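The exercises below ask you to work through a set of local environments in a protein chain, each followed by a solution in steps. Please keep the sequence and the model open while you read.

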Amino acid sequence: MKLVVASDIHGSGYYCKMLMDAFDAERADRLLLLGDILYHGPRNDLPQEYGPKMVIRLLNERKDVIMCVRGNCDAEVDQMVLDFPIMAEYCMVEEDGLTMFATHGHHYNESHLPPLGHIDVLFNGHTHVPKCVSHGNYYYMNPGSVSLPKEGSHHGYIVYENRTFTWKDLERNVVHTCSIGTENT
């Protein structure tokens, strides 16, 4: 399975369209969204071409391939317009012998692990900063933000295939890779 992992669209029609184009170009099987889909949040500036209705349309067109978890900016009213579930705090993905725990990051994160026993990968968004860190018994991975990157990072996402995680930049297609056994991208 080829998986695209992205987070923090925050209502940007411009960057959501770029993400959907990247998803199509990757020929991925599934899209895993780590929350903060439609609303930009009170601490963020409006993202480029803020257009939640466009984001709704673009994502609903792919409802059959989307897995999504709830971010701190997502609300029950958002679920009323999105045709795929967004209200779960986390989801588990089992692939290629890896157990991947996906959540937004405002509850469970690198500093506050979920009480689930063994996981190989902890996916978070929330910080808007891409990251891959080995903690010995698991990897912490963050795709950064699709629309509102922070700390000088890029507008990006992760591609997972065959136990390899590749960070890609939506604007410049800069690539960073983190495979099991590799630390810090």
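**Exercise 1.** Determine which residues Ser 153 touches, leaving aside residues up to four places away in sequence, and describe its polar contacts.

*Solution.* In this predicted model, Ser 153 is placed in the loop between β8 (139-143) and β9 (156-161). Beyond its sequence neighbours up to four places away, Ser 153 touches His 128, Val 129 and Pro 130. Taking His 128 next, the two residues are 25 residues apart in sequence, while their C-alpha atoms are 8.1 Å apart in space. The side chain of Ser 153 reaches the backbone oxygen of His 128 at 3.3 Å, and a polar atom of that side chain also lies 2.7 Å from the backbone oxygen of Lys 150.

**Exercise 2.** Locate Ser 12 relative to β1 and α1, and decide whether Ser 12 is buried or exposed.

*Solution.* Begin with the position: Ser 12 belongs to the loop between β1 (3-6) and α1 (13-26). Its relative accessibility is 0%, and Ser 12 therefore counts as buried, the cut-off for that class being under 20%. The surroundings can then be listed, since Ser 12 touches Pro 47, Gln 48, Glu 49, Tyr 50, Val 55 and Ser 147, with residues up to four places away in sequence not counted. Finally, a polar atom of the Ser 12 side chain lies 3.1 Å from the backbone nitrogen of Tyr 15.

**Exercise 3.** Identify the residues that make the nonpolar surface patch of about 290 Å², and characterise the exposure of Leu 46.

*Solution.* The patch is made by Tyr 39, Leu 46 and Tyr 50; Tyr 50 is also one of the residues that Ser 12 touches. Leu 46 is found in the loop between β2 (30-33) and α2 (52-60). With a relative accessible area of 55%, Leu 46 is exposed, because the cut-off for that class is over 50%.

**Exercise 4.** Establish how many disulfides the model contains, and explain why Cys 68 and Cys 91 are or are not bonded.

*Solution.* A disulfide is a covalent bond between the sulfur atoms of two cysteines, and the criterion needed here is that the sulfur atoms lie within 2.5 Å. The cysteine sulfur closest to that of Cys 68 is in Cys 91, at 8.6 Å, which is too far for a bond. Starting instead from Cys 91, the closest cysteine sulfur is that of Cys 68. The count by this rule is accordingly zero disulfides. As for their exposure, Cys 68 is buried at 7% relative accessibility, and Cys 91 is buried with a relative accessible area of 15%.

Terms used
Residues numbered from 1 in each chain as written. Predicted model: local features only at pLDDT ≥ 70, side-chain atom pairs only at ≥ 80, totals over all residues. Heavy atoms only, no water. Buried < 20%, exposed > 50% of the residue type's maximum accessible area, 1.4 Å probe, protein only. Helix = DSSP H or I, 4+ residues; strand = E, 2+ residues; numbered from the N terminus. Polar contact = N/O pair within 3.5 Å; in protein donor to acceptor, adjacent residues only side chain to side chain. Contact = heavy atoms within 4.5 Å. Patch = residues over 30% accessible without salt bridge, like charges linked within 9 Å, V, L, I, M, F, W, Y side chains within 5 Å. Areas by Shrake-Rupley, 256 points an atom, 1.4 Å probe, with all protein chains shown as cover. Salt bridge = Lys/Arg side-chain N within 4 Å of Asp/Glu carboxyl O.
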